[in-house]
Amino acid sequence: THSFFKALLFLAAGSVIHAVHTQNIDEMGGLWKKLRITGPLFLIGTLAISGVPLFSGFFSKDEILIAAWAHGNTVLFWLAVIAAFFTAFYMFRLFFMVFSGNARTEMKNVHESPAVMTFPMIVLGILAVVAGYVNTPWFGTFLGDWLVDGNEALGHGHIEGPAWIMIVATLVSLFGIYLAYLMYSKQSLARDWFTSRAPTIYSIVVNKYFIDELYVKVFVRPLKGLGSLLGLWDKYVIQSLVAFSGWIFTGIGRVGSKLQNGQVQAYALISVFGFVI
């Protein structure tokens, strides 16, 4: 299910970019009336990834939540619920900013994408709806049974879970959609409604939990310092040793060259010394 609605959203995003020649959603708006095929397909993908009932993402998300709960992974379960809220919120933030209201900038020559682009999206849009019914009592569980047949490591193909999980997951998704609607479509709720009340949390999130800064202090700067030390070692120790070695052998060469002065007396004297030794 994820491959169907995520691929649909990627292609639909490309179709929007092809139509408006920009990737900045702050410059878009009001495209629902102009992109009569891409708009509904984008909405299908957004509803599916948000886990709205009757769309494929609703079934697959429910499977994941029930599996986490049934295996006692309570922390993972609630993290997944929170993630479901944010997914619904930011995806409909995208949808409302692109397709609802009026265009925020002057857009000329906006047109629907050709069939070579819309037809694959239509196929994916249908699959993003109907694929969720696979492995359900209405369709049959043979796919899940076949996947786990003969492999004890995968456990049971069917897991029962309490009905309230489905209700909570649905309400959480709908709340995320509604909040995005109030902020970005109806605009009755200020965009900085939360960030103005929780500036610390906003600062942490907008700075990506300061992971980059931590990475620079823990890894980048120490490694650059080590590199500088190794550079000084190379410059003043290794190069000095190399230069000293060169000086020694150059000196030996000069001494040797003096012996080879072309005078017969010197050669005779060296020969005598050689015989004596």
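S3 is partly exposed, with a relative accessible area of 48%. The residue lies in helix α1. In this predicted model, S3 has a distant partner in sequence. S3 and A128 are separated by 125 residues along the chain, yet their C-alpha atoms are 8.7 Å apart in space. Helix α1 spans residues 2–20.

The chain as a whole is helical in its assigned elements. It has 10 helices and zero strands. Read along the sequence, the pattern is α-α-α-α-α-α-α-α-α-α. The radius of gyration is 35 Å, whereas a compact globule of 277 residues would have a value near 19 Å. The C-alpha trace spans about 115 × 60 × 45 Å along its principal axes. Buried residues make up 29% of the 277 in the chain. The chain exposes about 18,400 Å². Carbon and sulfur atoms supply 69% of that area. Contacts between residues at least 6 apart in sequence were also classed by separation. Of these, 76% join residues at least 24 apart.

Helix α2 covers residues 38–49. Its 12 residues should span 16 Å at 1.5 Å a residue. The end C-alpha atoms are 16 Å apart, so the helix agrees with the expected span. Nine of the 12 residues of α2 are buried, and α2 is therefore largely enclosed by the rest of the structure. The buried residues are T38, G39, L41, F42, G45, T46, L47, A48 and I49. They pack against four helices: α1, α3 (56–70), α4 and α5 (115–130). After α2 comes G51, which has a positive phi near 80°.

Helix α4 covers residues 74–99 and includes T87. T87 has a relative accessible area of 17%. It counts as buried because this value falls under the 20% cut-off. Beyond its neighbours within four places in sequence, T87 is in contact with I49 and S50. I49 is itself one of the buried residues of α2. The contact between T87 and I49 thus gives a residue-level view of the packing of α2 against α4.

A nonpolar patch lies on the surface. It is formed by W193, F194, I201, I204, V205, Y209, F210 and I211. Together these residues have about 760 Å² of accessible area. Helix α8, residues 199–206, supplies the largest share of the patch, with three residues. I201 is placed in this helix. Its relative accessible area is 45%. I201 is partly exposed because that value lies between the 20% and 50% cut-offs. Helical geometry bears on how such residues are arranged. An α-helix has 3.6 residues a turn, so residues three or four places apart point the same way.

The structure holds one salt bridge. In it, the side chains of K208 and D212 meet at 3.1 Å, N to O. D212 counts as partly exposed, at 41% relative accessibility.

How values were computed
Residues numbered from 1 in each chain as written. Predicted model: local features only at pLDDT ≥ 70, side-chain atom pairs only at ≥ 80, totals over all residues. Heavy atoms only, no water. Patch = residues over 30% accessible without salt bridge, like charges linked within 9 Å, V, L, I, M, F, W, Y side chains within 5 Å. Areas by Shrake-Rupley, 256 points an atom, 1.4 Å probe, with all protein chains shown as cover. Salt bridge = Lys/Arg side-chain N within 4 Å of Asp/Glu carboxyl O. Helix = DSSP H or I, 4+ residues; strand = E, 2+ residues; numbered from the N terminus. Buried < 20%, exposed > 50% of the residue type's maximum accessible area, 1.4 Å probe, protein only. Rg over C-alpha atoms; globule rule 2.2 N^0.38 Å. Contact = heavy atoms within 4.5 Å. Expected span 1.5 Å × (residues − 1).
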